[in-house]
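This report goes through selected local features of the structure shown below, element by element.

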Amino acid sequence: MRREVMGRFFITLGCDNFEQKMKIAKMILFVSAALALVVVGYFAAAFADSFAAAQSVESPAEGLYTFTYSGDYGFSEFIERGGASSAEEMAGYITEFLTHGFVKAQPVAAEFGCSAATVAAADGGFWTVRNFDWEGDSDMVVMRTVPNDGYASVAASNIEFLGFGEGYAPRSMMERMMLLAAIYVPLDGMNEKGLCVADLIVGDGQTTNQMTEKLDLTTTSAIRLLLDRAADVEEAIGLLEGCDMHSDIGRAHHLAISDSNGRSVVVEWIDDEMVVTESAVCTNHYLAGARARDVAAMEDSFVRYDSMAEAIGSSGRMGAEQVEKMIKMVVRDGTRWSAIFDRSRMEVRYYLGGDFAAPYSFAIGR
């Protein structure tokens, strides 16, 4: 059958001798091979950085995944397009860039609350600590990013927030590429300049949805912007002032931001207005405006805030053991991870589920 089809093909071309047939056959094979190389080359170029990052995915402990992404993960293009005003819009862009549309994600709503504090270090620098508290039981992902046009950083996220469904785990190459979406959904992190950012829920139902002509960002994509492009608190505030903020997961958020100079602020959005409060401590109640210490917030938030503020006020500069002791004070049953951001060593130490006997350390830099 194949010989008959080829025979008819050659007759159509007006070929009736063996030599001509062989020349045409070779030409067809050459063109096919060239086209195959072009296709392979296209995908290799399109996915080069993503593929290398996916290959770097590891699981150093149960419930923890890590990867390193060096190169272009599309954030500059995301900004140039105007950002995104919702998790759905952001998910569309992420899957378009990182998987070229092969994978789709659905954002997940969730409840979480946390504690964060910045304190002077005994060696003259500054520590930042953070607990991420959340009722769920999904895995954690720690990402080390080294962008072409921004600062290197280490940041953490919760895999369930990526929206790939129950039971998702990055085992196959495609599933590993899906994990790279975490780059756009950081919940805390520190960059090579020592800027540290943490996302904390505020204890009321109000959301932020600023509507002007500025760049649109969701809570987590704003954290990525700061980690990639802000060297200190002043620059971070300037970047946030240039954005329209839109709340993730339908909840109110505030950001604890600190830097290598020891400046520490909490940025809140009250009635869609951005407010900056100088504070070394942040939990889950407002620090500014009429809602400050509002009784609608969780009472436990006040307890955690006051205990950390008291520890900082009574100790002055802290050593590593004192810092660890302070963050242990506010660990709860729902604490998914704790983090100590060490600016002296330029590393982040993460502790899973309140287990401070088993730190996982990640160096920041190029």
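## The β7–β8 hairpin

In this predicted model, strands β7 and β8 make a hairpin with 4 residues between them. G194 sits in the turn and has a positive phi of about 90 degrees. Strand β7 covers residues 188-191 and runs antiparallel to β8, to which 3 bridges join it. Within this pairing, G189 stands opposite V197 of β8.

## Strand β8 and its other partner

Strand β8 spans residues 196-201, and 6 of its 6 residues are buried. Its two faces are both covered: C196, A198 and L200 are buried on one side, while V197, D199 and I201 are buried on the other. In a regular strand, side chains alternate between the two faces of the sheet.

β8 also pairs with β11, again in the antiparallel sense, over 6 bridges. Here the bridge partner of V197 is I257 in β11. V197 thus has G189 opposite it in the pairing with β7 and I257 as its partner in β11.

## Nonpolar cores

I257 also appears in the largest nonpolar core, which holds 99 residues. Together with F67 and Y350, I257 touches the most other members of that core. A second core is separate and consists of 5 residues, among them V202, A252, Y286 and A288. In soluble globular proteins, nonpolar side chains tend to be buried together.

## Helix α7

Helix α7 runs over residues 233-241, and V233, A236, I237 and L240 are buried in it. Viewed down the axis of α7, the buried residues lie within an arc of 100 degrees, so they line one face of the helix. An α-helix has 3.6 residues a turn, so residues three or four places apart point the same way.

What do the buried residues of α7 pack against? Their partners are helix α6 (219-229) and the strands β10 (243-246), β11 (253-258), β12 (264-270) and β13 (273-278). At the start of α7, a side-chain oxygen of D232 comes to within 3.3 Å of the backbone nitrogen of E234.

## R229 in helix α6

R229 belongs to helix α6. Its relative accessibility is 32%, so R229 counts as partly exposed. The side chain of R229 is joined to that of S76 by a polar contact of 3.0 Å.

Beyond its neighbours within four places in sequence, R229 is in contact with S76, I79, Y151, E235 and L239. R229 and L239 are 10 residues apart along the chain, and their C-alpha atoms are separated by 8.5 Å.

## S157 and N158 in strand β6

Strand β6 covers residues 153-158 and contains S157; N158 lies in β6 as well. S157 has a relative accessibility of 0% and so counts as buried. For N158 the value is 1%, so N158 is also classed as buried.

Which backbone atom lies 2.6 Å from a polar atom of the S157 side chain? It is the backbone oxygen of V185. Leaving aside neighbours within four places in sequence, the contacts of S157 include V185, along with D139, M140, V141, M143, L162, A182, P186, L187 and W337. With neighbours within four places again set aside, N158 is in contact with F132, W134, S138, D139, L187 and W337. D139, L187 and W337 therefore appear in the contact lists of both S157 and N158.

Definitions and conventions. Residues are numbered from 1 along each chain as its sequence is written. This is a predicted model: local features need pLDDT of at least 70, side-chain atom pairs count only at pLDDT 80 or more; totals for chains, interfaces and linings use all residues. Side-chain values use heavy atoms; hydrogens and water are left out. A nonpolar core is a set of buried Ala, Val, Leu, Ile, Met, Phe, Trp, Tyr and Cys residues joined through side-chain atoms within 4.5 Å. Buried means under 20% relative accessible area, exposed over 50%, partly exposed in between (1.4 Å probe, protein chains only). The arc is that of the directions from the helix axis to the C-beta atoms. Contact means heavy atoms within 4.5 Å. A polar contact is a pair of N or O atoms within 3.5 Å; within protein, one must be able to donate a hydrogen and the other to accept it, and residues adjacent in sequence count only if both atoms are side-chain atoms. Two strands pair if DSSP finds at least two bridges between them.
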